[in-house]
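Colleague: Got a minute? I'd like to go through this model with you.

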Amino acid sequence: MDLALCYSGGKDSSLAALVLDRFYEVTLVTAHFGVTEDHEHARRAAEALGFPFETHDLDPEVAHEAVERMRADGFPRNGIQRVHEHALESVAGRDVDAVADGTRRDDRVPSISRAFAQSLEDRHGVDYISPLSGFGRGAVDRLVDETLEVESGPSEEVPKADYEGELRALLREVGGDDAVAEVFPAHEQTYVRGTR
């Protein structure tokens, strides 16, 4: 069975790929808006893990809507949630049996509701799988420590291919560095360099 995993090159989506690999033909898919070349970070991480990799184009209007939402809210949660749901919808339209992501039980954003997951499955004829949804951060971190070589550090310094990089770039275009600092709190990011 073919599965497209929404992939950032970080620890959560990489661990999800390893979990799903036993049961599916996993392709790591980085959905992006074409704003930056950050998807190349995910390509290198996928190669280091030995998984096939593809990119998937998203609707740029969704990125602009998300940036405006984040500016109005003063925080990124709702904008990132909108983008992630759009990415799942878009990737579910590929010729696959299942779509997946690396969301954990205790993620604040993105998080996929049962209603959204069921609707996605019904409308696209795919299975939605969130293999880490039963794992908290501590459990994920312990599994990652045992299996993956990971770089971590401040979000603006660590290579990544999640939605945040492109949304930061668009936010910077419309509001400058101050707008980025107002919307995005300082936080750690991870990037997978390979397996242990």
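Modeller: Sure, we can take helices, pockets and a few single residues in turn. This is a predicted model, in which local features need pLDDT of at least 70, side-chain atom pairs count only at pLDDT 80 or more, and totals for chains, interfaces and linings use all residues. Residues are numbered from 1 along each chain as its sequence is written, and side-chain values use heavy atoms, with hydrogens and water left out.

Colleague: Helix α7 first. What does it span between its end C-alpha atoms?

Modeller: Only 14 Å, for residues 163-183. A straight helix of 21 residues would span 30 Å at 1.5 Å a residue. The expected span is 1.5 Å times one less than the number of residues. Helices here are DSSP runs of H or I, at least four residues, and strands are runs of E, at least two, numbered from the N terminus.

Colleague: Where does α7 bend?

Modeller: At G175, by about 125 degrees. That bend is the angle between axes fitted to the seven residues ending there and the seven starting there.

Colleague: And α4, what span should it have?

Modeller: Its 16 residues should span 22 Å at 1.5 Å a residue, and the end C-alpha atoms of α4 are 22 Å apart, so the two agree.

Colleague: Back to α7. Which of its residues are buried?

Modeller: Among them are Y163, E164, L167, L171, A179 and V183. Buried means under 20% relative accessible area, exposed over 50%, and partly exposed in between, with a 1.4 Å probe and protein chains only.

Colleague: What do they pack against?

Modeller: The buried residues of α7 pack against β2 (25-32), α3 (60-73), α4 (77-92) and β7 (188-195). Contact means heavy atoms within 4.5 Å.

Colleague: New topic. How much space lies in the largest pocket?

Modeller: About 1300 Å³. Of the 36 residues that line this pocket, D107, V109, P110, H187 and Q189 are the closest to its centre. The elements giving two or more residues to the lining are α1 (11-20), β2, α4, α7 and β7.

Colleague: How do you define a pocket?

Modeller: On a 1 Å grid over the protein atoms alone, a pocket is an open set of points with protein on both sides within 12 Å along at least five of seven lines; a cavity is a set where a 1.4 Å probe fits but cannot get out; lining residues have an atom within 4 Å of a point. Grid points are joined across faces, edges and corners, and the volume is the space filled by probe spheres set on them.

Colleague: P110 caught my eye. Is its peptide bond from V109 cis or trans?

Modeller: The V109 to P110 bond is cis, with omega near -10 degrees. P110 is in the loop between β4 (98-100) and α5 (114-124).

Colleague: How many cavities of 30 Å³ or more are there?

Modeller: One. The largest cavity holds about 50 Å³ of space. Its lining includes T30, H32, D38, H39, Y163 and E166. β2 gives the largest share of that lining, three residues.

Colleague: V26 is in β2 too. Buried or exposed?

Modeller: V26 counts as buried because its relative accessibility is 4%. Residues it touches include L3, L5, A17 and F51, not counting those up to four places away in sequence.

Colleague: And D145?

Modeller: D145 lies in helix α6 (residues 137-147). D145 is partly exposed, with a relative accessible area of 48%.
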